[in-house]
Amino acid sequence: MLQPSRQQILRLYKHLIRYGNHLKLTDKNYFLGRVRHEFRENRQLSNPLEIEFSFKRGETLLKKGRIL
């Protein structure tokens with residue numbers, strides 16, 4: 001698979017934040033902080049495989065949450 005574009009990554013971030021705002025049975029602040037931390041930490045990635053892995057990880061979280 002090709003490396004995800006900047007637009008795809010920003011869309012994933014937006015969807016994860018939206019998902020976090022609708023959580024009922026878990027700590028919203030922890031979840032949202034964790035998402036922000038992961039995106040900030042992974043901003044420095046340059047290896048295409050690591051970028052793709054992190055992107056897939058985020059997509060999987062949304063799919064299991066039945067948001068997409």
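Here are some short exercises on the structure above, each with a worked solution.

This is a predicted model, in which local features need pLDDT of at least 70, side-chain atom pairs count only at pLDDT 80 or more, and totals for chains, interfaces and linings use all residues. Residues are numbered from 1 along each chain as its sequence is written, and side-chain values use heavy atoms, with hydrogens and water left out.

**Exercise 1.** Find which residues make up the largest nonpolar core, and which helix supplies the largest share.

*Solution.* Start with the term: a nonpolar core is a set of buried Ala, Val, Leu, Ile, Met, Phe, Trp, Tyr and Cys residues joined through side-chain atoms within 4.5 Å. Buried means under 20% relative accessible area, exposed over 50%, and partly exposed in between (1.4 Å probe, protein chains only). Next, list the ten members: Leu12, Leu16, Ile17, Tyr19, Leu23, Phe31, Leu32, Val35, Phe55 and Leu62. Then assign them to helices, which are DSSP runs of H or I with at least four residues, numbered from the N terminus. H1 (6-21), H2 (28-42) and H3 (48-64) each give at least two core residues, and H1 has the largest share, with four.

**Exercise 2.** Look at one core member, Leu32, and name its contacts beyond four places in sequence.

*Solution.* Contact means heavy atoms within 4.5 Å. With the sequence neighbours within four places set aside, Leu32 touches Ile17, Gly20 and Asn21.

**Exercise 3.** Place Arg11 and Glu50: which helix holds each, and are they buried or partly exposed?

*Solution.* Arg11 sits in H1, and Glu50 in H3. Arg11 is partly exposed because its relative accessibility is 40%. Glu50 also has a relative accessible area of 40%, so it counts as partly exposed. Now try distances between C-alpha atoms: Arg11 and Arg36, 25 residues apart along the chain, are separated by 14 Å. For Glu50 and Gln3, 47 residues apart in sequence, the C-alpha separation is 9.7 Å.

**Exercise 4.** Work out what the UniProt record marks, and how much of that stretch is helix.

*Solution.* An unreviewed UniProt entry annotates residues 7-63 as "domain: Complex 1 LYR protein"; such annotations may be inferred rather than shown by experiment. Over residues 7-63 the chain is 81% helix and 0% strand (strands being DSSP E runs of at least two residues). The end C-alpha atoms of this stretch are 19 Å apart.
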